[in-house]
Amino acid sequence: PLFRSGQQRAMERENEERLLAQFCSEDGEKSGLPFDLPLDLPVDKLQSLCNAVLANDEPVPYLLFVNGVEVSGSIREALKESTSTEKLLEIVYQPQRS
């Protein structure tokens, strides 16, 4: 349906797969607290979230990695290329070089 009720949207959120994640620098320094993350969150939203966690005044473009695999679409897509079963997913960020 084109329009969904609030209850339908809530049920969809409950059914979407989520995991516990935390941002880390290239040096392994953890940033912020672990947070609940939907697996299908697109990389642009993940970059915005990273900037918010790092309290950047101006948005910084980041490359994001999970288990050594660059996130170019969603976390789910990056995890397909990885075999890790960690409880806490570390998302490594590194500023994009221009």
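Which residues are buried in helix H2 (residues 43-53)? The legends below take up this question and others, using a predicted model.

**View 1. The whole protein, element by element.** The secondary structure comes to three helices and five strands. Along the sequence, these elements follow the pattern α-β-β-α-β-β-α-β. The protein has 98 residues, and 31% of them count as buried. Its accessible surface comes to about 6,700 Å². Carbon and sulfur atoms hold 50% of that surface. Now consider contacts between residues with a separation of 6 or more. Of these, 52% join residues 24 or more positions apart.

**View 2. Helix H2 and its buried residues.** Helix H2 spans residues 43-53. Val-43, Leu-46, Cys-50 and Asn-51 are its buried residues. Seen down the helix axis, they fall within an arc of 140 degrees, so they line one face of H2. A general rule helps here. An α-helix has 3.6 residues a turn, so residues three or four places apart point the same way.

**View 3. What covers helix H2.** Several elements help to cover the buried residues of H2. Among them are four strands: E1 (18-24), E2 (30-38), E3 (62-66) and E5 (88-95). Helix H3 (75-80) is also part of the cover. After H2 comes Ala-55. The phi of Ala-55 is positive, near 55 degrees.

**View 4. Leu-20 in strand E1.** Leu-20 lies in strand E1, one of the elements that cover the buried residues of H2. How exposed is Leu-20, and what is its relative accessible area? Leu-20 is partly exposed, with a value of 41%. That figure lies between the cut-offs of 20% for buried and 50% for exposed, so the label is "partly exposed". Leaving out residues up to four places away in sequence, Leu-20 touches Pro-34, Phe-35 and Asp-36. Leu-20 also touches Lys-87, Leu-88 and Leu-89. Take Leu-88 from that list. Leu-20 and Leu-88 are 68 residues apart along the chain. Their C-alpha atoms are separated by 5.2 Å.

**View 5. Gln-94 in strand E5.** Gln-94 lies in strand E5. Is Gln-94 buried or exposed? Its relative accessibility is 18%. Buried means under 20%, so Gln-94 counts as buried. Which residues does Gln-94 touch, not counting those up to four places away in sequence? They are Glu-26, Pro-61, Tyr-62, Leu-63 and Phe-65. Strand E5 is also among the elements that cover the buried residues of H2.

How values were computed
Residues numbered from 1 in each chain as written. Predicted model: local features only at pLDDT ≥ 70, side-chain atom pairs only at ≥ 80, totals over all residues. Heavy atoms only, no water. Buried < 20%, exposed > 50% of the residue type's maximum accessible area, 1.4 Å probe, protein only. Helix = DSSP H or I, 4+ residues; strand = E, 2+ residues; numbered from the N terminus. Arc of directions from axis to C-beta. Contact = heavy atoms within 4.5 Å. Areas by Shrake-Rupley, 256 points an atom, 1.4 Å probe, with all protein chains shown as cover.
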